[in-house]
Amino acid sequence: MALREPALEQPKSFEFSKEAQKRVKEIIAKYPKGRQQSAVLPLLDIAQRECGNWVPVAAMEHIAELLDMPYIRVYEVTTFYSMFNLAPVGKHFVQVCRTTPCWLRGSDAITKACLKRAGTKKLGENSADGNFTIVEVECLGACVNAPMVQINDDYYEDLTPEQMAAVMDDLAAGKKPAIGTQIARQNSAPVGGATVLKAVPKTKPAVKKAVAPKKATKPAEKAKAAVKKAPVKKPATAAAKAKTTTPKKQG
Ligand code: FES
């Protein structure tokens with residue numbers, strides 16, 4: 001797909017905006033000395049947001065310089081994650097989930113509806129008005145509400161082809177359609193309400209009589225009690241000793 005390869009037309013240079021520079025500094029400072037390269041993902045994300053949803057080569061080079069790492073390492077990261085686009089895309093980047101649960105629930109029809117509304121013939125193509133780019137991706141983790149799509153940072157779920165077109169109409173008109181499920185359900189709860197744990201138990205569960213805990217004794221008190229209990233051995237007196245010793249036989 002074209003979005004996974006660097007665009008032929010590239011800007012000559014890239015700089016983070018002043019506001020983004022502050023954020024970049026904060027992110028880099030989170031990592032221990034010598035480990036700043038770990039900031040590559042959040043920096044690429046900021047660069048993509050600054051460039052209108054794609055990462056130019058100049059941005060990758062700039063990030064490589066900032067993090068003191070080879071450009072090829074930044075390139076590898078950017079091309080590995082499908083969240084980064086290497087070519088310009090439409091204002092609304094539509095990712096249609098096509099993995100099994102969404103596919104079984106009609107993701108093919110959703111893709112068709114998207115392409116029709118955008119007026120594009122194939123996936124990855126930008127619409128003539130610059131509003132949309134449609135791609136297909138693997139599971140986005142909202143399978144319970146399949147079929148679903150991600151548009152920029154938002155999820156739209158429980159879609160029909162008609163609802164999909166309506167969402168895109170709103171976006172094209174500059175409106176903000178409701179995100180999440182497009183049907184009457186609470187988040188990812190079952191359609192029509194709860195299906196289990198609905199009955200209230202008739203009998204009250206038996207309650208065990210609470211036993212008062214024994215009063216805890218302090219260690220000093222314990223020691224005193226032990227001394228009291230122990231029998232006191234009297235030291236043997238000299239007279240008592242004399243009584244117990246057998247007299248020696250005389251002559
Ligand atoms: S299969 Fe589509 S969100 Fe998981």
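1. Leaving aside the neighbours within four places in sequence, I183 touches D158, Q163 and V191. This residue belongs to the loop that runs between strand 5 (180-181) and helix 8 (219-229), and, since the model is a predicted one, the contacts named here are computed from predicted coordinates. With a relative accessibility of 32%, I183 counts as partly exposed, because the buried class ends at 20% and the exposed class begins over 50%. The C-alpha atoms of I183 and N145 are 9.6 Å apart in space, although 38 residues separate the two in sequence.

2. Strand 1 (92-97) deserves attention for its cover, as six of its six residues are buried. H92, V94 and V96 point one way from the strand, while F93, Q95 and C97 point the other way, and burial applies to both sets. This can be read against the general pattern, in which the side chains of a regular strand alternate between the two faces of the sheet.

3. Strand 1 has pairing partners that run in opposite senses. With strand 2 (residues 132-137) it pairs in the parallel sense over six bridges, and in that pairing H92 stands opposite F132. With strand 3 the arrangement is antiparallel, and three bridges join the two strands; here V94 of strand 1 has I151 of strand 3 as its bridge partner.

4. The pairing continues beyond strand 3. Strand 3 (residues 149-151) and strand 4 (residues 154-157) are antiparallel and share three bridges, with I151 bridged to D154 in strand 4, so that I151 has a bridge partner in strand 1, V94, as well as one in strand 4, D154. These two strands form a hairpin with two residues between them, and N152, which lies in the turn, has a positive phi of about 50°. Strand 4 in turn pairs with strand 5 in the parallel sense over two bridges, where Y156 has G180 as its bridge partner in strand 5.

5. Three aromatic pairs are found in the structure. In the pair of F14 and F16, the ring centres are 5.0 Å apart and the planes stand at 80°, so the geometry is edge-to-face. Both residues are covered: F14 is buried, with a relative accessible area of 11%, and F16 is likewise buried, at 5% relative accessibility.

6. The pair of Y71 and Y75 has its ring centres 6.1 Å apart and its planes at 40°, so this pair is classed as tilted. Both tyrosines lie in helix 4, four residues apart, which is about one turn of the helix. As to cover, Y71 is partly exposed, with a relative accessible area of 30%, and Y75 is also partly exposed, at 24% relative accessibility.

7. A nonpolar patch on the surface is formed by F80, Y81 and M83, whose accessible area together is about 340 Å². M83 is placed in the loop between helix 4 (71-80) and strand 1 (92-97), and its relative accessibility of 44% puts it in the partly exposed class. The helix that precedes this loop is also the one that holds Y71 and Y75, while the strand that follows the loop has six of its six residues buried.

Notes
Residues numbered from 1 in each chain as written. Predicted model: local features only at pLDDT ≥ 70, side-chain atom pairs only at ≥ 80, totals over all residues. Heavy atoms only, no water. Patch = residues over 30% accessible without salt bridge, like charges linked within 9 Å, V, L, I, M, F, W, Y side chains within 5 Å. Areas by Shrake-Rupley, 256 points an atom, 1.4 Å probe, with all protein chains shown as cover. Salt bridge = Lys/Arg side-chain N within 4 Å of Asp/Glu carboxyl O. Buried < 20%, exposed > 50% of the residue type's maximum accessible area, 1.4 Å probe, protein only. Contact = heavy atoms within 4.5 Å. Phe/Tyr/Trp six-rings, centres within 6.5 Å; stacked < 30°, edge-to-face > 60°.
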